[in-house]
Structure formats: C-alpha cells, structure tokens
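Thanks for asking me to look this one over. Below are my notes, point by point, to read with the model open beside you.

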Amino acid sequence: MKVGLVGAGPWAHMVHAPVLANSPDTELVGIWARRPEAAEKLAGKHGAVAYTDYGALLDACDAVAFCVPPDVQADMAVAAAKAGKTLLLEKPIALDLAAAERLVAAVDAAGVSTVVLLSLRYADSVQAFLEEARAIGRPLGGRMAFVSGALLDGSPFATPWRLERGPLPDLGPHAIDLVDAALGAIVNVTAAGDPLGWVSLLCEHDNGSTSTVNLCATAPQGGMSRIEVFGDAGVAMLDASSAADATSMMRVATALAAAARGEAADAPDVHRGLHIQRIIESAVSQLG
C-alpha cells in the first residue's frame with residue numbers, strides 16, 4: 001500500500017518514516033511538510049519523493065499518515081478523507097472538540113478507514129494487560145499515572161502546541177484510552193490541578209467503577225507510566241514505561257494496511273479518538 005507522510009519533525013524521523021518505509025505492508029512514496037527543506041531531507045533518507053503540493057501527494061498515495069500539530073492535522077485530514085484516502089492519525093485527533101467532530105463527519109461521509117496512533121495499544125504487554133483486566137471480575141476501580149519530562153527544555157517533544165496546552169492533550173489520550181479500555185467507557189470526568197503542570201482526573205465509568213489519572217510532562221526526575229485496575233476477582237497491573245518499542249510500532253503499519261483492506265482490527269480509530277477528545281474537552285473546560 002502506497003503511503004504519503006505529512007510532517008517531517010522529530011517524531012516523523014523517529015517513528016513514522018522508518019516504520020512506513022520498512023514495513024512489508026506499506027511503501028513510503030512521498031512526504032509533504034510545511035518546511036520543504038525538511039521534507040526533502042527526510043524523503044532522501046527513505047527513498048521517497050518530497051512534495052511541495054499537498055494535492056500532488058494525495059494523488060500519489062492510497063493512505064496518508066499525519067505527523068503534524070493536531071490543529072494542522074484536523075484540517076488536512078479532512079481533505080485526505082474527501083480524497084478517499086485511508087488515514088493514520090496522531091493523537092489527539094484535533095486540538096478542540098469542534099474540529100474533531102468535523103474530521104469524524106468527513107471520515108464518515110467519505111467512508112474511509114482510519115487508525116489512530118495510540119502507541120501503547122500496539123505493544124504485547126499492553127494487550128496482555130487488557131486481557132488480564134477483562135478476567136478479574138466485576139470492575140471496582142483503578143488508577144494510572146503518566147509522568148515524564150517531555151516538556152522540559154531540550155526535549156524534542158517540547159513543541160509549541162504541547163507547551164501551550166500541557167500534558168492533558170499530549171499524555172492524556174494514552175492514559176484515558178487505557179483506563180477506558182480496562183475498566184469500561186468513561187462517562188464523566190472531574191479535573192483538577194495545573195493545566196501546564198500536574199493534572200488529576202477522576203473518571204466515572206459506565207459500569208459504576210471509578211478511576212484516577214495523574215498526568216505531568218514537566219517532571220525533572222525521569223518518568224513512569226503505570227496502571228492498576230481492581231476487580232472483585234483480582235488485580236491487573238502494568239508498568240507501561242517502555243511498552244512501546246520498535247516491534248510494536250511496526251504493527252501500526254500492519255494495522256493501517258488491514259484498515260485499508262476493510263479488515264476488522266483491534267486498533268483505535270477516529271471514533272475512539274473522538275471519544276477521548278470529548279473527555280479531554282470536558283477536563284480542559286474545568287481547568288480553565
């Protein structure tokens with residue numbers, strides 16, 4: 001499957017381009033970026049074509065992978081959906097709920113398939129944890145902490161939109177996705193804390209259980225990602241700090257190709273992204 005990549009920043013260099021270029025399921029045929037010189041440099045490393053015209057990139061591919069800020073992604077992905085392309089989307093799928101809803105509406109109207117790169121979901125240890133969580137009886141509650149130094153000076157992830165919005169839209173999708181998948185759909189959230197520092201969420205799930213999520217991306221002493229869920233027949237726990245690796249990331253390309261073929265796959269899609277966006281939006285409105 002021919003894939004075009006939108007974006008040529010650090011994450012595109014580290015993950016998207018090498019995964020799409022080296023997977024047996026995908027062929028990286030072109031790259032478009034807001035900085036043409038960045039597209040040329042990354043394309044040159046992987047034998048792809050650097051495009052200065054987004055429409056030309058769309059004409060050259062079957063699927064489009066996005067690695068740009070969420071506000072840019074939301075607008076450009078609408079155009080790709082209307083062009084009939086399968087989409088690989090970053091999280092969050094947009095920067096606000098209205099844009100996320102417009103994107104989902106465009107995807108549904110076009111009838112295209114989507115995959116959202118919630119990186120933890122593709123790891124063996126995470127899949128094993130979710131299976132264990134489903135086997136511990138009636139859900140009682142849980143807790144997750146995702147703490148990192150990703151937004152400190154010198155980090156490649158300290159990009160403008162992350163620095164402006166804090167850990168909730170960046171780390172939050174991973175944590176919200178996991179507690180939601182392990183305990184049941186989140187139907188309400190109560191948020192407290194510093195939106196640019198430490199954020200705490202109290203989540204209520206559709207089965208009556210509750211969970212807490214703590215997020216911080218400015219911790220100077222390293223980081224951790226840990227989740228525990230409790231049922232009336234046991235406990236499931238996971239240290240997800242290093243769960244996503246090169247092997248699990250290659251499964252993203254496999255999931256994208258399967259989605260393009262219309263095959264059912266246990267991969268998050270744009271509707272999952274919208275569910276997470278609604279939870280984030282509610283929390284953001286409370287934090288002010």
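1. Let me begin with the lining of the second largest cavity, whose residues divide into seven nonpolar, one polar and no charged. Please keep in mind throughout that this is a predicted model. The residues around this cavity are Val15, His16, Val19, Leu20, Leu88, Leu117, Met249 and Val252. Two elements, α1 and α10, each give two or more residues to this lining. Helix α1 has the largest share, with four residues. The space inside the second largest cavity is about 40 Å³.

2. How many cavities of 30 Å³ or more are there? The count comes to two, and the largest cavity holds about 50 Å³ of space. Its lining is made up of Lys91, Pro92, Ile93, Val116, Leu118, Pro173, Gly273, Ile276, Gln277 and Ile280. By class, that gives seven nonpolar, two polar and one charged residues. Here α11 gives the most, with four residues.

3. Now to the pockets. The largest pocket has a volume of about 1100 Å³. It is lined by 49 residues, and those closest to its centre are Trp11, Lys91, Phe157, Arg162 and Asp170. You may recognise Lys91 from the previous point, since Lys91 also lines the largest cavity.

4. Which elements give two or more residues to the lining of the largest pocket? They are α1 (10-22), α4 (70-82), β7 (139-147), α7 (160-165), β11 (224-231) and α10 (246-260). The largest share, five residues, comes from α1. Helix α1 also gives the largest share of the lining of the second largest cavity, so it is a good helix to have highlighted on screen while you read. By class, the lining of the largest pocket has 29 nonpolar, 13 polar and seven charged residues.

5. The second largest pocket contains about 250 Å³ of space. Of its 16 lining residues, Arg165, Leu168, Pro169, Ile280 and Val284 are the closest to the centre. The elements that give two or more residues to this lining are α7, α8 (167-170) and α11 (270-287). Helix α11 has the largest share, with five residues. Sorted by class, the lining has ten nonpolar, two polar and four charged residues. Ile280 also belongs to the lining of the largest cavity.

6. Next, the sheets. One is an open sheet of six strands with parallel pairing, in the order β3-β2-β1-β4-β5-β6. Its edge strands are β3 (49-51) and β6 (114-116), each of which pairs on one side only. Direction ignored, neighbouring strands of this sheet are turned by 20° against each other on average. For a place to start looking, try strand β1 (residues 2-6) and strand β2 (residues 27-32), which run parallel and are joined by five bridges. Within this region, Gly4 stands opposite Gly30 in β2.

7. Another open sheet of six strands has mixed pairing, with the order β8-β9-β10-β7-β11-β12. The strands at its edges, β8 (186-193) and β12 (234-239), each pair on one side only. From one strand to the next, the twist averages 10°. Strands β11 and β12 run antiparallel, with six bridges joining them. Glu228 stands opposite Met237 in β12.

8. Which strands of this sheet does helix α6 (residues 124-133) touch? Helix α6 packs on the sheet with contacts to β11 and β12, and its direction makes about 165° with that of β12. Helix α11 also packs on the sheet, touching β8 and β9 (198-205). The direction of α11 makes about 35° with that of β8.

9. Finally, two elements to revisit when you go back to the model. Helix α11 packs on the mixed sheet, gives the most to the lining of the largest cavity and has the largest share of the lining of the second largest pocket. Strand β11 is joined to β12 by six bridges, is touched by α6 and gives two or more residues to the lining of the largest pocket.

Methods: Residues are numbered from 1 along each chain as its sequence is written. This is a predicted model: local features need pLDDT of at least 70, side-chain atom pairs count only at pLDDT 80 or more; totals for chains, interfaces and linings use all residues. Side-chain values use heavy atoms; hydrogens and water are left out. On a 1 Å grid over the protein atoms alone, a cavity is a set of points where a 1.4 Å probe fits but cannot get out, and a pocket is an open set with protein on both sides within 12 Å along at least five of seven lines; lining residues have an atom within 4 Å of a point. Grid points are joined across faces, edges and corners, and a volume is the space filled by probe spheres set on the points. Ala, Val, Leu, Ile, Met, Phe, Trp, Tyr, Cys and Pro count as nonpolar, Asp, Glu, Lys and Arg as charged, and the others, Gly among them, as polar. Two strands pair if DSSP finds at least two bridges between them. Axes are lines fitted to C-alpha atoms, for helices over the stretch in contact, and angles run from 0 to 180 degrees between N-to-C directions. Contact means heavy atoms within 4.5 Å.
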